[in-house]
Amino acid sequence: MNTVRPGDLTWGKTKTNNHLVVTVERNRRIAASAEHVFATLSDPQTLAGLLPRVKKVEVLHRGTSNARVATHMAVGPFATIRSEGDVHWQKDREVVFTSRHPVSVESRWSFVPDGKETDLKVKLTIDLTPMLGPLAAMVPADQVAGMIEPDLDHALTALARRIEG
């Protein structure tokens, strides 16, 4: 994969056992400490305000470094799907959301402190096979990446606005 730079779409795909796995990476510098960025992202309710397709988040269980959540995501103008998943975090370093059904998704948000700012990197990996079965192999990976990229850019911009004011 290429080096991630603002404004570039970086994506990769792998095919294993008829699974099409697409990974998209984006990054952004946030004018705030890693502690502040972490405090915002470690709240599972934040997802609904950041990710444009996530319409609602239910916190089913919350521990000290993890949570079980259900997200309701838009999949077109008229439909939403409910997906249960887990959020795990390492204080001031990383927040990871994973879901396996109906679609396999991992969203990894990593923080690198740089003085009074933070380099934030998001890496989203999606496997459509659990939802689409063998039809997933026919889905063009570049089109999937092209749909994910603006959502991640929107999330990073919304997060920066929320934190930076």
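Contact here means heavy atoms within 4.5 Å. With that cut-off in hand, the predicted model can be read starting from one pair of helices. His36, Val37, Thr40 and Leu41 on the H1 side touch Leu159, Arg162 and Ile163 on the H4 side. Sorted by class, this contact is made of 4 nonpolar, 2 polar and 1 charged residues. Two packed helices are described by the angle between their axes and the distance between the axes. For H1 (residues 34–41) and H4 (residues 141–164), the angle is about 115° and the axes are 11 Å apart. The crossing is right-handed.

H4 itself runs to 24 residues. From first C-alpha to last, H4 covers 34 Å, close to the 34 Å expected at 1.5 Å a residue. Right after H4 comes Gly165, and its phi is positive, near 90°.

Next, the empty space. Rolling a probe the size of a water molecule over the atoms shows where such space is left. Counting cavities of 30 Å³ or more turns up 1, and the largest cavity holds about 80 Å³ of space. Leu41, which takes part in the H1 contact with H4, also belongs to the lining of this cavity. The rest of the lining is Asp43, Pro44, Thr46, Leu47, Val87, Val95, Phe97, Ser107 and Trp109. Helix H2 (46–50) and two strands, E6 (94–101) and E7 (104–114), each put at least two residues into that wall. By class, the cavity lining splits into 7 nonpolar, 2 polar and 1 charged.

Then there is the open space. The largest pocket comes to about 620 Å³ in volume, with 25 residues lining it. Nearest its centre sit Arg53, Met73, Ile126, Ile148 and Asp151. Strands E4 (66–74), E7 and E8 (117–127), along with helix H4, each give at least two residues to the pocket lining. H4 makes the largest contribution, with 5 residues. The class tally for the pocket lining is 20 nonpolar, 3 polar and 2 charged residues.

Put side by side, a couple of elements turn up more than once. H4 packs against H1 and also supplies residues to the pocket lining. Strand E7, for its part, gives at least two residues to the cavity lining and at least two to the pocket lining.

Technical notes: Residues numbered from 1 in each chain as written. Predicted model: local features only at pLDDT ≥ 70, side-chain atom pairs only at ≥ 80, totals over all residues. Heavy atoms only, no water. Axes fitted to C-alpha atoms, helices over the stretch in contact; angles between N-to-C directions. Helix = DSSP H or I, 4+ residues; strand = E, 2+ residues; numbered from the N terminus. Left-handed = near helix turned anticlockwise from the far one by under 90°. Nonpolar A, V, L, I, M, F, W, Y, C, P; charged D, E, K, R; others polar. 1 Å grid on protein atoms, 1.4 Å probe; cavity = no way out; pocket = protein on both sides within 12 Å on 5 of 7 lines; lining within 4 Å. Points joined across faces, edges and corners; volume = space filled by probe spheres on them. Expected span 1.5 Å × (residues − 1).
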